[in-house]
Amino acid sequence: MRDHPDTEHLLASARRALLEQVVPALQGEARSTALMLARVFSVLTARLAVDARALAEIESGRESGELAALAGLLGEAPSAARLACGGTHAAIACLSRKLAAAIRCGSFDPPGPGHEALLRFLLEITHAKVAENNPKALEAMGRTQQEGKT
Amino acid sequence: MELEPERARAPLERFLAKALGADACRIGEMTRLAGGTVQDNWFVELQAGASGAPPRRLVLRTGRVVGVNDSLPAEHEYAVLCAAARTGVRVPQPVAVCGDPEVIGQPFFVMSFVDGESRPWKLQQTPEVMAVGDAILEEIGAELARLQTITPDGRDELGCLKPPPRDVAREAIADIRAYLDRHDHPHPAIEYALRWLERHAPAPGPVVLCHGDFRLGNVMIADGKLTSILDWELTRWGDPYESMAWFCMRFFRFARPDLVAGGLGSRAALLRGWQAVSGRVPDPAAIRYWDIMANTRWATISLQQVGRQVFGGENSLELALVGLATGEMELEALSLIAQADARSGLAQA
């Protein structure tokens with residue numbers, strides 16, 4: 001078992017030091033680079049949390065939510081896909097590839113039954129991706145969409 | 001290979017003297033300009049001929065080692081710049097081009113330096129600019145319409161560009177799919193957008209010159225006016241609505257997502273300027289279609305930028321962060337599709 005501070009805490013301290021002590025002392029390109037580094041720390045923190053949740057899901061004996069949703073869309077059993085691909089991560093990649101190919105050849109075109117479920121799934125995974133990489137963009141998108149501006 | 005100004009200075013002076021028909025040229029200041037992840041720009045102060053004349057302020061533009069796949073080599077970008085200048089589009093004045101990589105280590109061209117600001121975040125922080133945002137957008141729309149008077153017919157000097165597509169939308173879809181097929185990660189959301197674009201593709205229409213990266217960051221603004229359109233390395237033949245959609249993409253609105261046209265003002269202003277010069281009434285369905293195409297294309301380009309970083313050996317934090325934005329364009333495309341579908345559902349009901 002690791003001693004404190006944990007990874008999350010380390011990243012948070014590094015990001016705060018960068019923003020409060022380093023950035024104000026810099027100008028121009030160096031300042032932009034330091035701000036980009038701060039952003040990297042935020043993304044790493046968000047990804048750690050997501051990975052920890054996924055790990056807890058797997059450890060509890062449940063299938064990962066993403067794998068279950070993918071398998072559901074493709075009419076496959078998640079456990080079979082996981083065994084065939086040699087793990088949850090590989091199975092998600094494999095089924096995503098199958099899904100991409102099925103979308104391209106029109107298997108999910110509306111008004112078929114799969115279309116609504118597919119759209120919900122795509123919105124969910126894309127939303128999760130943006131939440132990890134740029135939560136501010138998500139807030140801004142929600143705001144302008146509510147105001148009806150596109 | 002990066003340009004080494006001290007090594008380049010003497011051969012550049014000889015080249016420019018010959019190109020400008022001057023007895024001799026002397027380069028004073030030579031400094032790298034910020035911006036440009038694809039091309040490199042250098043400010044060059046040039047004393048040509050008699051020492052009494054005021055020095056000319058120029059920009060030297062070269063390519064970087066690993067370019068984006070579709071970026072034009074210097075000679076071809078120069079040909080485009082010349083065509084735009086001849087048509088009366090506001091661009092930096094072309095001065096000279098050198099396709100010989102031996103002269104300064106890589107092909108390059110030289111154009112006039114244009115004063116002003118093109119960084120969107122800076123423009124957005126300038127109240128005097130934001131106060132006249134819609135007026136600037138009208139100018140930008142008008143310039144775009146002028147640029148679009150350049151069509152493939154009888155344009156031998158633009159033979160360097162890829163041949164004009166017969167069906168812009170369907171060829172763009174095929175290109176993006178071909179790119180995705182070379183990419184190891186699957187992208188179901190991009191595939192979904194492409195399938196929608198395929199099912200709703202418009203009948204092939206007129207093909208015009210398309211800047212290829214028409215956004216606020218590529219226009220120069222001084223004293224509340226548009227002074228020139230920059231960075232022509234991604235120019236290609238395309239659909240008239242593509243550039244307007246690109247300009248209005250959410251990703252390029254930066255701190256002002258509420259201002260649809262480049263984070264500067266309204267799309268209506270951009271369209272007003274475009275309509276005034278082109279004489280065409282904007283087609284809302286085409287605008288919706290090309291908005292979705294723009295986001296889908298940019299999602300794919302951002303993947304390509306990460307490809308440069310991860311596989312192309314370019315260790316740039318900036319390129320890595322561009323890739324983080326792929327999901328934003330995917331989400332925007334999905335939401336624009338949902339809106340378009342809801343609209344057509346209403347129309348059918």
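**A guided tour of chains A and B**

Begin at Asp223(B), which is exposed because 10 other C-beta atoms lie within 10 Å of its own, and 12 or fewer is the cut-off. Asp223(B) belongs to the loop between β7 (219–222) and β8 (225–229) of chain B. Its backbone deserves a look: phi of Asp223(B) is near 50°, a positive value in a residue other than glycine. Please keep in mind throughout that this is a predicted model.

Next, select Phe254(B), in the loop between α8 (240–247) and α9 (267–278) of chain B. Here too a residue other than glycine has a positive phi, near 45°. Phe254(B) has 18 C-beta neighbours inside 10 Å and therefore counts as partly exposed.

**Chain B as a whole**

Now display the whole of chain B, whose secondary structure comprises twelve helices and nine strands. The radius of gyration of chain B is 21 Å, close to the 20 Å given by the globule rule for 349 residues, so chain B is as compact as a globular protein of that length. Along the principal axes, its C-alpha atoms occupy a box of roughly 75 × 45 × 45 Å. Buried residues account for 46% of the 349 residues in chain B. Of the contacts in chain B between residues at least 6 apart in sequence, 68% link residues at least 24 apart.

Colour chain B by domain: domain 1 covers 5–112, domain 2 covers 117–164 + 208–282, and domain 3 covers 165–206 + 284–349. The centres of domain 1 and domain 2 of chain B, taken over C-alpha atoms, are 24 Å apart. Their contact draws on 18 residues from domain 1 of chain B and 16 residues from domain 2 of chain B. Which helix should be selected for the largest share of the domain 1 side? Helix α2 (residues 74–86) of chain B provides that share, with seven residues. The side of domain 1 of chain B that touches domain 2 of chain B consists of ten nonpolar, five polar and three charged residues.

**Where the chains meet**

Turn to the contact between the two chains, to which chain B gives 24 residues and chain A gives 27 residues. On the chain B side, select α7 (188–199), α11 (317–324) and α12 (326–348), each of which supplies at least two residues. The most comes from α12(B), with eight residues. By class, the side of chain B that touches chain A has 13 nonpolar, four polar and seven charged residues.

**Chain A**

Hide chain B and show chain A, which has seven helices and zero strands. Its radius of gyration is 20 Å, well over the 15 Å that the globule rule gives for 150 residues, so chain A is more spread out than a compact globule. The C-alpha trace of chain A spans about 55 × 50 × 25 Å along its principal axes. Of its 150 residues, 18% count as buried.

Select Gly28(A), in helix α2 (residues 28–59) of chain A. Gly28(A) is exposed, with 8 other C-beta atoms within 10 Å. From there, draw a distance to Ser107(A): the two residues lie 79 residues apart in sequence and 51 Å apart in space, C-alpha to C-alpha.

Two peptide bonds complete the tour. The bond from His4(A) to Pro5(A) is cis, with omega near 0°, and Pro5(A) sits in the segment before α1 (7–22) of chain A. The bond from Pro110(A) to Pro111(A) is cis, with omega near 5°; Pro111(A) lies in the loop between α5 (88–104) and α6 (114–133) of chain A.

Methods:
Residues numbered from 1 in each chain as written. Chains lettered and ligands numbered in written order. Predicted model: local features only at pLDDT ≥ 70, side-chain atom pairs only at ≥ 80, totals over all residues. Domains from an automatic or database assignment. Contact = placed C-beta atoms within 7 Å. Helix = DSSP H or I, 4+ residues; strand = E, 2+ residues; numbered from the N terminus. Nonpolar A, V, L, I, M, F, W, Y, C, P; charged D, E, K, R; others polar. Rg over C-alpha atoms; globule rule 2.2 N^0.38 Å. Buried ≥ 20, exposed ≤ 12 C-beta atoms within 10 Å, placed from the backbone.
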